[in-house]
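Here are a few short exercises to work through with the model open beside you. Try each task before reading its solution.

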There are 4 protein chains.
Amino acid sequence: MNVSLEQAQKAIQTAVAKSSELGLKMNIAVVDAGANLVGFARMDGAWLGSVDIAIKKAKTARFFDMNTGEIGQLSQPGGALYNIEHSNNGLITFPGGIPIKNSEGLIIGAIGVSGSTVENDHTVAQAGVATFS
Amino acid sequence: MNVSLEQAQKAIQTAVAKSSELGLKMNIAVVDAGANLVGFARMDGAWLGSVDIAIKKAKTARFFDMNTGEIGQLSQPGGALYNIEHSNNGLITFPGGIPIKNSEGLIIGAIGVSGSTVENDHTVAQAGVATFS
Amino acid sequence: MNVSLEQAQKAIQTAVAKSSELGLKMNIAVVDAGANLVGFARMDGAWLGSVDIAIKKAKTARFFDMNTGEIGQLSQPGGALYNIEHSNNGLITFPGGIPIKNSEGLIIGAIGVSGSTVENDHTVAQAGVATFS
Amino acid sequence: MNVSLEQAQKAIQTAVAKSSELGLKMNIAVVDAGANLVGFARMDGAWLGSVDIAIKKAKTARFFDMNTGEIGQLSQPGGALYNIEHSNNGLITFPGGIPIKNSEGLIIGAIGVSGSTVENDHTVAQAGVATFS
């Protein structure tokens, strides 16, 4: 099972709407179960550097089937996964990446959002994920 | 002047519709005047290897402000731009990438399409570009 | 649908046996439907440089759902896909990579073999693929 | 002296069995004395991001002939090998990589395991290494 383009676009549009509502400018990426890109959108005026970060957050969330922020708590100096970010051509391990599950709880992809504080990134990613439930 | 997200999404949706009409499954990318990704869509079942190619075609078209296929004619063995593909973390120089101009003829971005023959890729890219005129 | 580890290991063992029968030393890689590595084996004394080639052949075959050698015929100087090898962090487009289909004809992964002539590489890859039919 | 494919496969199978016994899904890689990949297996449902991590753990353990976790204690901020992970196209320096010695104590390769906590990764790697004694 994989995220479809239609599902990805609906999630992205919802995330864009949530960003606008909050007055934010975001980059939003959706990957499928194989961690391959399905859809992407950069809102007008959003940070250029967040293109890559949004994509890496989505991939990271699917790579390890957990929120990116959870990995970041383990990858700190002294932590169990210190410097895990050097793998897979670069991970992003702060909040904003969330796995996407289908109605049966199977992970079928992930979303990554970047463009504001990590709290806002996570909030907007959650809005995108909510379209799958 | 830059491609807006709204314009990019309209171009992508038109390209998706053109692909469906032709029975094709495409990857479609739009970059802005800075050659940075604005929007992307992979149709269900489209080649995974074309994610990167569609993005590279769009970037290549904006990097040099010409159709990707034109560069490919110059990058052949013995040609003036032999192996230019080694630059910029990899160019794609066969057809499917086209610059996007605004109504005044100014280049404001580019589109890249990959997933079928290069003729079909170019045809679908043209359908996306046509939304700007 | 994805290649399972059990299926991948059976395909690899069969390919190893075929190589031994032919007096060859091969590297053999199997990827799943998402082009992610499932299994790999390097026979004793096989070329070191073929580790990466076998993996890239398997990925390339899944990236475009065709035998790697078919892409290589299109990527020659003057060909429609000249220098496509610059995409996806490096493709390998000579024979030895073959998509894997399940009994219903759905592509569920790919195999890549490297270590001898491209004819031998392809023959050994075919032996691995045959375990899925 | 080098790990043979037969030895690598036996170690991988033992590690897979240990993982199953513990209810874990692991990626397991074995490299030879030259730090080149010999064998690899990803168990069904194991993390995709751990493909690269398992391989990097095995290489890291052979690069420096010590357990990966030992390097990680030296690569912390202020430590003697701070950020050594930037070398060799990316090291992984938390537990799960162990050098492999032959019966005479000579290092002939290494194993890397990734897919669970670093403690579990190390335990499963030890099960693989034990097949060489």
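Buried area is the accessible area, found with a 1.4 Å probe, that two parts lose on being put together, summed over both. Keep in mind that this is a predicted model.

**Exercise 1.** Describe the contact between chain D and chain A.

*Solution.* Start with the residues: chain D brings 20 to the contact and chain A brings 18. Next comes the area, as chain D and chain A bury about 1,400 Å² between them. Carbon and sulfur atoms carry 62% of that area. Finally, look at who contributes on chain D: Trp47(D), Leu48(D) and Phe94(D) supply 36% of the area that chain D buries against chain A, more than any other three residues.

**Exercise 2.** Work out how chain D and chain A are related.

*Solution.* Chain D is superposed on chain A by a rotation of 91° with 0.1 Å of shift along its axis, at an RMSD of 0.2 Å. The two copies are therefore related as by a four-fold rotation axis. Now compare the surfaces: the copies use different ones, since 20% of the contact residues of chain D recur in chain A.

**Exercise 3.** Decide whether Asn36(C) is buried or exposed, and place it in its surroundings.

*Solution.* First locate Asn36(C), in the loop between strand E1 (27–32) and strand E2 (37–42) of chain C. Its relative accessibility is 14%. Buried means under 20%, so Asn36(C) counts as buried. Then list its contacts, leaving aside neighbours within four places in sequence: Gly34(A), Val30(C), Val31(C), Arg42(D) and Leu48(D).

Conventions
Residues numbered from 1 in each chain as written. Chains lettered and ligands numbered in written order. Predicted model: local features only at pLDDT ≥ 70, side-chain atom pairs only at ≥ 80, totals over all residues. Heavy atoms only, no water. Least-squares fit on C-alpha atoms with pLDDT ≥ 70 in both. Contact = heavy atoms within 4.5 Å. Helix = DSSP H or I, 4+ residues; strand = E, 2+ residues; numbered from the N terminus. Buried < 20%, exposed > 50% of the residue type's maximum accessible area, 1.4 Å probe, protein only.
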